[in-house]
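I opened a new notebook page for this protein. I want to work through the fold first and single residues afterwards.

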Amino acid sequence: MVGLVQGEGGVAAIDKGYAKYVEEVYPAAADGTMLEGSRLRVEIMPANGRCNQCGTVFPLVEHEGECPQCKSGDCDMLSGREFYIKEIVCY
Ligand SMILES: [Zn+2]
């Protein structure tokens with residue numbers, strides 16, 4: 001089993017079906033490689049941002065990049081760009 005972590009701010013249009021889709025197409029990509037027959041599990045990491053006006057930390061995607069406190073769109077992404085292999089487990 002291969003565990004992959006993908007930040008929700010890392011790809012342009014990530015949605016609820018993303019992880020399931022990638023897991024479904026994975027066997028075709030792994031076919032003919034040393035990972036043939038393994039499973040892929042994708043974890044989506046939430047994107048958090050900090051408002052540069054008032055300092056509020058909030059989930060960026062849920063609030064569509066707008067600070068829920070002061071409604072400013074001036075914010076930095078703190079997390080959510082992750083894309084790495086978390087684990088490779090052999091049974
Ligand atoms: Zn704010």
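**Entry 1: a term I need.** Before I call two strands paired, I require at least two bridges between them, as DSSP finds them. With that settled, I looked up β1 and strand β6 (residues 83-88): 5 bridges join them, and they run antiparallel. I also note that I am reading a predicted model.

**Entry 2: confidence.** I checked the scores before going further. The mean pLDDT of the protein is 89, and 92% of the residues reach at least 70. Which element has the lowest mean pLDDT, and which the highest? β1 is lowest with 89, and β3 is highest with 96. I keep one caution in mind: where pLDDT is low, predicted coordinates should not be read in detail.

**Entry 3: the parts list.** I counted 1 helix and 6 strands in the protein. Along the sequence they follow the pattern β-α-β-β-β-β-β. The radius of gyration is 17 Å, while the globule rule gives 12 Å for 91 residues, so the protein is more spread out than a compact globule. I then fitted a box along the principal axes. The C-alpha atoms fill roughly 50 × 20 × 15 Å.

**Entry 4: burial and contacts overall.** I looked up how much of the protein is buried. Of its 91 residues, 14% count as such. Next I took the contacts with a separation of 6 or more. Residues 24 or more positions apart account for 61% of them.

**Entry 5: the sheet with β1.** I followed the pairings of β1 on both sides. The sheet is open, has 3 strands in the order β2-β1-β6, and its pairing is mixed. β2 and β6 are the edge strands, and each pairs on one side only. Neighbouring strands here are turned by 25° against each other on average, direction ignored.

I then went through the partners. Strand β1 (residues 2-7) and strand β2 (residues 40-45) run parallel and are joined by 6 bridges. I noted two partners in β2. Gly 3 has Arg 41 as its bridge partner, and Val 5 has Glu 43. On the β6 side, where the strands run antiparallel, Gln 6 stands opposite Phe 83. A reminder to myself: strands of a sheet pair through backbone hydrogen bonds, either parallel or antiparallel.

**Entry 6: the sheet with β3.** Here I found an open sheet of 3 strands in the order β4-β3-β5, with antiparallel pairing. Why is one side of β4 and of β5 left without a neighbour in the sheet? β4 (57-59) and β5 (75-79) stand at the edges, and each has a single partner strand, so one side stays free of a neighbour in the sheet. The twist averages 35° from one strand to the next.

I looked at one pairing in detail. Strand β3 (residues 48-51) pairs with β4 over 3 bridges, in the antiparallel sense. Within that pairing, Gly 49 stands opposite Phe 58 of β4.

**Entry 7: the loop between β4 and β5.** I picked three residues from this loop.

Glu 64 sits in the loop between β4 and β5. Its phi is near 50°, a positive value in a residue other than glycine. Is Glu 64 buried or exposed? I found 7 C-beta neighbours inside 10 Å, so Glu 64 counts as exposed.

Lys 71 is in the loop between β4 and β5 as well. Its phi is positive too, about 70°, although Lys 71 is not a glycine. With 11 C-beta neighbours inside 10 Å, Lys 71 counts as exposed. The cut-off that settles this is 12 or fewer.

Leu 60 was my third pick from the loop between β4 and β5. It has 23 C-beta neighbours inside 10 Å and therefore counts as buried. The cut-off for that is 20 or more.

**Entry 8: around Leu 60.** Which residues is Leu 60 in contact with, leaving aside its neighbours within four places in sequence? I listed Gly 9, Ala 47, Asn 48, Gly 49, Gly 65, Met 77 and Gly 80. One of these, Gly 49, is the residue that stands opposite Phe 58 in β4.

I also took one distance from Leu 60. Ile 85 is 25 residues away along the chain, and the two C-alpha atoms are separated by 23 Å.

Conventions:
Residues are numbered from 1 along each chain as its sequence is written. This is a predicted model: local features need pLDDT of at least 70, side-chain atom pairs count only at pLDDT 80 or more; totals for chains, interfaces and linings use all residues. Helices (H or I, at least four residues) and strands (E, at least two) are DSSP runs, numbered from the N terminus. The radius of gyration is taken over C-alpha atoms; the globule rule is 2.2 Å times the number of residues to the power 0.38. Two residues are in contact if their C-beta atoms, placed from the backbone, lie within 7 Å. Axes are lines fitted to C-alpha atoms, for helices over the stretch in contact, and angles run from 0 to 180 degrees between N-to-C directions. pLDDT is the predictor's confidence in each residue, from 0 to 100.
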